[in-house]
Amino acid sequence: MATLSPLLKQATPVLAERGEGVYLYDTEGRRHLDFTAGIGVTNTGHCHPRVVEAARAQVGTLIHGQYTTVMHEPLLRLVDALGDVLPDGLDSLFFLNSGSEAVEASIRLARHATGRQNIVVFHGSFHGRTMGAAALTTAGTKFRAGIGPLMPGAAIAPFPQAYRYGWDEAEAVRFALRELDYLLVTASPASDTAAFVVEPVLGEGGYIPAPPAFLEGLRERADRHGILLIMDEVQTGFGRTGRFWGHQHADAKPDVLITAKGLASGFPLSAIAAPTALMEKARPGSQGGTYGGNAVACAAALATLQVIAEEGLVDNAARQGARLNDGLRKVAADHPEIGDVRGLGLMQASEFTGPDGEPDAAAAQRAHKAAADHGLLLLTCGAYGNVVRMIPPLIVTEAQVDDALALWSRAVADAVG
Ligand code: PMP
């Protein structure tokens, strides 16, 4: 008899049987309000009928059209459809399976295109767990401790974490950009730096939106030094933040955009997008994989794009996100243990801290568990595990946001009294 490895660390005890919309049902028939969306993946809700229908039809036609061997229609149609939502000029796409793989692909592309080796990331970053992506990941001990040596060439600059510094946002941005400038003349000279890789909202690192002035500062420095600006939109893309892409909250367009998670509503699919002229600098055949651009995943992604447009999910994310943020602030107002509430669209978080702003992971873990006991599934994040985040599907209704807030209020009262 085999057993599941104890290295698995599961956030909730739920044994899921089926999912429908914003709900998961366990094997005992209990309903859970799923504000994790499978870590920000099921943006169209669990088993959206249009996605199910598209995937079913494709399964009966062609499952595995291996796209480095033969081309298939769903992938070509997806390239066309993504052209309508990608930033102007990012007109060339390459497909993989996971966020981590797409991050790896962007590193290879940046090194080929610039002939430089260093990649600058920002403290608290999460870009994946494969060994190259792990070298770019600084979101917490568990992602790095004991697994090195990691890929050389990664340099780390501060991310403007205003709340943690105890500063206002403008000061945090000034500090972060000053330190980046310093890095570019010291540890990672600009002439050796291929790319900045940044999340428009620091995700696993604590749900901290990048201030627009920070992303704009990165764009300006990238242009000045011939460095590529790579936006990791794995978690922030596909409407999650109330704009189609997270970087659209700032006046800063990426040179390379990385997408995954929400792209195919739960089927494994990721992609990098860049201008054709940039992609042409990569060596043909230097990237790829057996399953990248899977036909069923591409069909699901096409349906996902249609659902997002037809159901107005980007606007809904902005509207419900504002409502959720407002409600979270009201809960925090009654509980000094919640030191900060922040987020963009339907990426919202409550940070638990002690009287001097020190991280209080125990309170966050208690609140997270109490919420699950009340039927509300959430996740934690942040380097200290003291941030509780909410990432519901983008189809969430006002009434469901209010239900979640009522359950959250009870969970926080249980956790901190
Ligand atoms: N980048 C970001 C911003 C992410 O949030 C994640 C996953 N949480 C990844 C990359 C890695 O994606 P995957 O788990 O699909 O490899």
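Biologist: Which element gives the largest share of the lining of the second largest pocket?

Modeller: Rolling a probe the size of a water molecule over the atoms shows where empty space is left. In this predicted model, strand 13 contributes the largest share of that lining, with 5 residues.

Biologist: How much space lies in the second largest pocket, and which residues are the closest to its centre?

Modeller: The space amounts to about 660 Å³. The lining comprises 36 residues, and those closest to the centre are Gln-161, Arg-164, Ile-208, Arg-342 and Glu-351. Two or more lining residues come from each of helix 6 (162–165), strand 9 (208–209), helix 11 (313–333) and strand 13 (338–344).

Biologist: How should the lining be read by class, and which domains does it draw on?

Modeller: Sorted by class, the lining of the second largest pocket holds 14 nonpolar, 15 polar and 7 charged residues. Domain 1 (16–34 + 312–416) and domain 2 (51–311) each supply at least three residues to it.

Biologist: Turning to the sheets, what is the order of the strands in the sheet of 7 strands?

Modeller: The order is 4-12-11-10-7-5-6, in an open sheet with mixed pairing. Strand 4 (92–96) and strand 6 (154–157) each have a single partner strand and stand at the edges, so one side of each lacks a neighbour in the sheet. On average, neighbouring strands of this sheet are turned by 20° against each other, direction ignored.

Biologist: How many bridges join strand 10 to strand 11, and which residue is the bridge partner of Met-231?

Modeller: Strand 10 (residues 228–232) and strand 11 (residues 256–259) run parallel and are joined by 3 bridges. Met-231 has Leu-257 of strand 11 as its bridge partner.

Biologist: Which strands does helix 8 touch where it packs on the sheet?

Modeller: Helix 8 (residues 212–225) touches strand 5 (118–122), strand 7 (193–198) and strand 10, and its direction makes about 165° with that of strand 7.

Biologist: What is the strand order in the open sheet of 4 strands, and which are its edge strands?

Modeller: That sheet has the order 1-2-3-15, and its pairing is mixed. Strand 1 (16–20) and strand 15 (376–377) are the edge strands, each pairing on one side only. Strand 15 runs parallel to strand 3 (residues 31–34), and 2 bridges join them. Opposite Asp-34 stands Leu-377 in strand 15.

Biologist: Which strands does helix 13 lie across?

Modeller: Helix 13 (residues 398–416) lies across strand 2 (23–26), strand 3 and strand 15. The helix runs at about 100° to strand 3.

Technical notes:
Residues are numbered from 1 along each chain as its sequence is written. This is a predicted model: local features need pLDDT of at least 70, side-chain atom pairs count only at pLDDT 80 or more; totals for chains, interfaces and linings use all residues. Side-chain values use heavy atoms; hydrogens and water are left out. Two strands pair if DSSP finds at least two bridges between them. Axes are lines fitted to C-alpha atoms, for helices over the stretch in contact, and angles run from 0 to 180 degrees between N-to-C directions. Contact means heavy atoms within 4.5 Å. On a 1 Å grid over the protein atoms alone, a cavity is a set of points where a 1.4 Å probe fits but cannot get out, and a pocket is an open set with protein on both sides within 12 Å along at least five of seven lines; lining residues have an atom within 4 Å of a point. Grid points are joined across faces, edges and corners, and a volume is the space filled by probe spheres set on the points. Ala, Val, Leu, Ile, Met, Phe, Trp, Tyr, Cys and Pro count as nonpolar, Asp, Glu, Lys and Arg as charged, and the others, Gly among them, as polar. Domain bounds come from an automatic or database domain assignment.
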